[in-house]
Amino acid sequence: MFLRILCLIALVSFASCKSADNEGKNVVTTEVDKTDNDILHLESPDGTYTNLAALLEEHKGKVVYVDYWASWCKPCRVMMPASAKLKERYKGKDVVFLYISIDTKRNAWEKANQEEGFTEHSYIATNYPKAKIFQLRNVSSIPRYMLYDKNGRMIDDNAMRPVQPNLITAIDGLLSL
């Protein structure tokens, strides 16, 4: 129990410590307990670490649409052009699109990441399927989408796909709140 509390304190300290040079950015770290499956651990293509809770906190004030996908998932890849159009529709508005891959082979994810043209907000889940969110939300198939409000609260753990017109209505509704 003491070790768990110590790890939690370390995580909170890490998440709240920002220097002027790293303002708003994630940093590479080896001090984070990446075995804690209460947290969804994420890495970006450049190897920087973050987690889902930190990203939701970072994007407070914005609607967040999370796309769980993998390089080998054909239905996931088929949705990417519609997702790109949706992302373009909300460019400059308070909406963030996060792409979280459940790939187990980092090189396959990196290649697919490049093919899809992701330049930001793309991560690989390093503790799939053990992370609590995958267990609690029964994420057993992809593509899977989750929608969060401007306060970082999950609104829909099985949100509509990017091709579904009602998704625009849902996002617009959250933006108007």
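In what order do the seven strands of the open sheet lie, and is the pairing mixed? The order is 2-1-5-4-3-6-7, and yes, the pairing is mixed.

## Ground rules

This is a predicted model, where local features need pLDDT of at least 70 and side-chain atom pairs count only at pLDDT 80 or more, while totals for chains, interfaces and linings use all residues. Residues are numbered from 1 along each chain as its sequence is written, and side-chain values use heavy atoms, with hydrogens and water left out.

## The sheet and its edges

Back to that open, mixed sheet of seven strands. Strands here are DSSP runs of E with at least two residues, helices are runs of H or I with at least four, and both are numbered from the N terminus. Two strands pair if DSSP finds at least two bridges between them.

Strand 2 (49-51) and strand 7 (154-156) sit at the edges with a single partner strand each, so one side of each has no neighbour in the sheet. On average, neighbouring strands are turned by 35° against each other, direction ignored. For angles like this, axes are lines fitted to C-alpha atoms (for helices, over the stretch in contact), and the values run from 0 to 180 degrees between N-to-C directions.

At the strand 7 edge, strand 6 (residues 144-148) pairs with strand 7 in the antiparallel sense over two bridges. Here L147 stands opposite D156 of strand 7.

## Around strand 5

Strand 5 (122-125) has strand 1 and strand 4 beside it in the sheet order. With strand 1 it runs antiparallel, joined by two bridges, and E43 stands opposite I124 of strand 5. Strand 4 and strand 5 run parallel, with three bridges between them; Y99 has S122 in strand 5 as its bridge partner.

Which way do the side chains go? S122 and I124 point one way from strand 5, Y123 and A125 point the other way, and all are buried (under 20% relative accessible area; exposed is over 50%, partly exposed in between, with a 1.4 Å probe and protein chains only).

## Helix 4 on the sheet

Helix 4 (residues 106-116) packs on the sheet, touching strand 1 (41-43), strand 3 (63-69), strand 4 (95-101) and strand 5. Contact means heavy atoms within 4.5 Å. The direction of helix 4 makes about 160° with that of strand 5.

Strand 4, helix 4 and strand 5 together make a right-handed β-α-β unit: with the strands pointing away from the viewer, the path from the first strand over the helix to the second runs clockwise.

## The disulfide

There is one disulfide, meaning a pair of cysteine sulfur atoms within 2.5 Å. C73 is joined to C76, S to S 2.4 Å. The link is right-handed, with 75° about the S-S bond, and both C73 and C76 are buried.
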